[in-house]
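Let's take a walk through this protein, starting with how its inside is packed and ending with the spaces left open. Keep the structure in view as you read.

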Amino acid sequence: MKVKTEARRQAILDAASALFQEVGFAAASMSGLAARVGGSKATLYSYFPSKEELFVAVMAHAAGEMKQGSFGALNPDRDPRDVLGRFGRIYLRFILSPWAISTRRIAVAEAARSNVGRLLYENGPKVGWSQFATYLTALMERGRLRPTDASLAAAHFRGLLEAEHVEPFLLGAKEAPEDAAIDAAADAAVDVFLRAYAPEAGAR
């Protein structure tokens with residue numbers, strides 16, 4: 001029964017992801033989703049109490065692999081430049097993917113009239129970047145970065161990663177960058193970040 005239940009939940013997530021991509025959050029309905037997956041709206045609500053929570057669950061599932069490969073591999077005992085570079089490449093490839101860009105557009109469009117934006121942030125970026133701040137704290141404790149507010153430093157690194165490509169692509173002002181451009185942007189972000197947060201002279 002558990003396997004069937006998990007399979008059903010996954011089928012709902014897959015169908016919901018396709019529906020949100022096709023018609024957007026506002027136009028998507030639980031009735032329309034029920035018609036796609038079979039069954040009733042009551043069945044859908046037994047898995048997901050609201051359309052907002054379903055949308056967040058779709059996002060969280062899609063982001064799971066990225067989190068495992070990037071946030072889950074933040075080892076403070078390894079060379080920070082190598083770890084941050086790998087993290088930056090994975091993060092940028094995910095955040096610039098068509099699915100992530102579309103999800104971000106939906107969340108921004110809905111933020112003023114529903115809880116979607118807040119739920120998305122609290123269950124996605126807030127969690128992941130809190131993990132990143134914990135990693136930075138460990139680097140500071142080891143003397144590899146100067147002591148400071150780790151959450152603010154995490155926000156700075158995220159800003160550096162996104163500075164070159166994310167906003168223009170999000171707004172349709174440029175095409176998605178090639179892999180080489182993504183790698184170069186990640187390397188540049190790491191270089192600026194490590195220069196800005198380098199330990200003070202004489203610090204361990």
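What follows looks at the nonpolar cores and then at two pockets.

Bear in mind that this is a predicted model. A good place to begin is the packing, since nonpolar side chains in soluble globular proteins tend to be buried together. Here the largest nonpolar core has 34 residues, and the ones touching the most other members are Phe132, Leu136 and Phe157. Five helices each give two or more residues to this core: α5 (80–95), α8 (125–141), α9 (150–162), α10 (166–170) and α11 (179–196).

Pick out Phe157 and look around. Setting aside neighbours within four places in sequence, Phe157 is in contact with Leu84, Phe87, Trp129, Phe132, Ala189, Val190 and Phe193. There's also a second, separate core, made of 28 residues, with Ala57, Ala100, Ala107 and Leu119 among them.

Now for the gaps. The largest pocket holds about 400 Å³ of space. Its lining counts 22 residues, and Met59, Ile95, Leu120, Pro125 and Arg158 lie nearest the centre. α6 (98–110) is one of the helices supplying at least two lining residues, and its six residues are the largest share. By class, that lining has 15 nonpolar, four polar and three charged residues.

The second largest pocket has about 150 Å³ of space. Trp129 turns up again here, in a lining that also includes Tyr121, Lys126, Ser151 and Ala154. α8 gives the most, with five residues, while α9 supplies at least two. Sorted by class, this lining has six nonpolar, two polar and two charged residues.

How values were computed: Residues numbered from 1 in each chain as written. Predicted model: local features only at pLDDT ≥ 70, side-chain atom pairs only at ≥ 80, totals over all residues. Heavy atoms only, no water. Core = buried A, V, L, I, M, F, W, Y, C linked by side-chain atoms within 4.5 Å. Buried < 20%, exposed > 50% of the residue type's maximum accessible area, 1.4 Å probe, protein only. Helix = DSSP H or I, 4+ residues; strand = E, 2+ residues; numbered from the N terminus. Contact = heavy atoms within 4.5 Å. 1 Å grid on protein atoms, 1.4 Å probe; cavity = no way out; pocket = protein on both sides within 12 Å on 5 of 7 lines; lining within 4 Å. Points joined across faces, edges and corners; volume = space filled by probe spheres on them. Nonpolar A, V, L, I, M, F, W, Y, C, P; charged D, E, K, R; others polar.
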